[in-house]
Amino acid sequence: MTPMSTLAFAAGLSLALNACAQPAPSPATGTTPAPAAGSGALRVETVATGLEHPWSVALLPEGGFLVSERPGRLRRIGADGQVSAPIAGVPEVFAQGQGGLLDVVLDPGYAGNRRIWLSYAEPGDGDTAGTAVATATLAGDALTDLVVRYRQLPKLEGSAHFGSRIAFDGAGHVFISQGERNRRAMAQDLDVLQGKLVRLHLDGSVPADNPFANASGVRRLVWSYGHRNMQGLAVDPRTGSLWQSEHGPRGGDEINLPQPGRNYGWPVITHGINYSGFDIPEAVGTAAPGMEQPHHVWAKSPALSGMAFLTGHPGNPWNDSLLLGALAGQSLIRLQLDGNRIVAEERLLTDLRARIRDVRVGADGTVYVLTDAGNGQLLRLLPPDARRPR
């Protein structure tokens, strides 16, 4: 665990895309975003190492960080980079395949209530599991008052496609993303929770204005459906709109701005194919009546994970950007925004050859990322020409 070692990256770090890795045309604009201009040297600082498959990082207002490790541990990292022993009181997790302890975020009222939110793969009867979300109070080196706020039902066998991210809209609601547990058809079935983005009040109750709140034979907490495996979720600070990213199969990773009650098509429409190279059996093509097109899609899947906005810093060369971790793409993707339009793409950290699992942005515009590995790292990034005192 070596705090604060510093690396320097050259200007050529920013872009290393060949033609086959270029993004597909964005359905929102009808054009392929241009590569972002190389913006100079990027400074990367290692905050902490020795993390076992870290999945999510939360920035503590008192200083330091909380980091979840997929095997089921939650750790505190000090501002000096020291990594704590595992925090007690974490719920039991199904730590197989893609399952385990996933997202960790601070409650909107954290300053007063010390509450955190965790998403995780929760074990069920036999060898079943499903995505769950719990809240707890952070009290020193332990969690207390653990309450499960959400459970994906039914629980299923298998170790794939749990999601999951948590985001708040600032109006008393929490959004929870998840996967379809590799049961493709379930994403279209409104009587189950697989493949659904859900919206709840912060106490876990269902808002009366949810799109299916008064429908029969439908899960009332569903916000949108037809999703595959959603591992990115964030609210745009400029507009309050929710953005979501999900893994496609072989090709077809996408970004959506999910609207209430809308069907985002999986597996009936997709811009990808099976890993075997054959078509998805349920798919009819890339478009169908009543199904939404993605806001942005990649023909070659980067394997998108965490996402965060960097806005409100006009002196920062990355201002008005959406940042996304890429696992298979082994990079941090920066999408330059003009309103909701994606106008340029830049790939950062390619020289690390690391799977980027999560990305968060501090109040001062500093970017933090997690690398997904048995010896994972928490890194601090300073964009080119960012003249903030350290």
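Helices (H or I, at least four residues) and strands (E, at least two) are DSSP runs, numbered from the N terminus. With that naming in hand, here is a friendly walk through the model.

This is a predicted model, in which local features need pLDDT of at least 70, side-chain atom pairs count only at pLDDT 80 or more, and totals for chains, interfaces and linings use all residues. Residues are numbered from 1 along each chain as its sequence is written, and side-chain values use heavy atoms, with hydrogens and water left out.

**Arginine 165 and its contacts**

Let us start in the loop between β11 (156-157) and β12 (166-168), where arginine 165 is found. This arginine counts as buried because its relative accessibility is 2%; buried means under 20% relative accessible area, exposed over 50%, and partly exposed in between (1.4 Å probe, protein chains only).

What does the side chain of arginine 165 make a polar contact with? Its partner is the side chain of aspartate 103, at 3.2 Å. For a polar contact, two N or O atoms must be within 3.5 Å; within protein, one must be able to donate a hydrogen and the other to accept it, and residues adjacent in sequence count only if both atoms are side-chain atoms. A polar atom of the arginine 165 side chain also lies 2.9 Å from the backbone oxygen of glutamine 231.

**Strand β7**

Strand β7 covers residues 101-106, and six of its six residues are buried, so the strand is largely enclosed by the rest of the structure. β7 pairs with strand β8 (residues 115-123) in the antiparallel sense, over four bridges. Two strands pair if DSSP finds at least two bridges between them. Valine 105 has tryptophan 117 as its bridge partner in β8.

**Two open sheets**

Strands of a sheet pair through backbone hydrogen bonds, either parallel or antiparallel. One open sheet here has four strands in the order β12-β13-β14-β15, with antiparallel pairing. At its edges stand β12 and β15 (222-225), each with a single partner strand, so one side of each is left without a neighbour in the sheet. On average, neighbouring strands of this sheet are turned by 20° against each other, direction ignored; axes are lines fitted to C-alpha atoms, for helices over the stretch in contact, and angles run from 0 to 180 degrees between N-to-C directions.

The pairings inside this sheet can be set side by side.

| Strand pair | Bridges | One facing residue pair |
|---|---|---|
| β12 and β13 | three | alanine 167 and phenylalanine 175 |
| β13 and β14 | four | histidine 173 and histidine 201 |
| β14 and β15 | three | valine 198 and valine 222 |

β12 and β13 form a hairpin with four residues between them, and glycine 170 in the turn has a positive phi of about 80°. In a regular strand the side chains alternate between the two faces of the sheet. Both faces of strand β13 (residues 173-176) are covered: His173 and Phe175 are buried on one side, Val174 and Ile176 on the other.

Another open sheet has three strands in the order β4-β5-β6, again with antiparallel pairing. Its edge strands, β4 (54-59) and β6 (73-77), each pair on one side only. Strand β5 (residues 65-69) is joined to β6 by five bridges, and valine 67 has arginine 75 as its bridge partner in β6.

**Pocket and cavity**

Rolling a probe the size of a water molecule over the atoms shows where empty space is left. On a 1 Å grid over the protein atoms alone, a cavity is a set of points where a 1.4 Å probe fits but cannot get out, and a pocket is an open set with protein on both sides within 12 Å along at least five of seven lines; lining residues have an atom within 4 Å of a point. Grid points are joined across faces, edges and corners, and a volume is the space filled by probe spheres set on the points.

The largest pocket has a volume of about 900 Å³. Its lining has 34 residues, of which Val235, Pro237, Ala308, Arg360 and Val361 lie nearest the centre. Which strand gives the largest share of this lining? That is β20, with five residues. Among the other elements that supply at least two residues each are β4, β7 and β12.

By this rule there is one cavity of 30 Å³ or more. The largest cavity has a volume of about 120 Å³, and among its 17 lining residues Glu254, Tyr264, Trp266, Ile269 and Thr270 lie nearest its centre.
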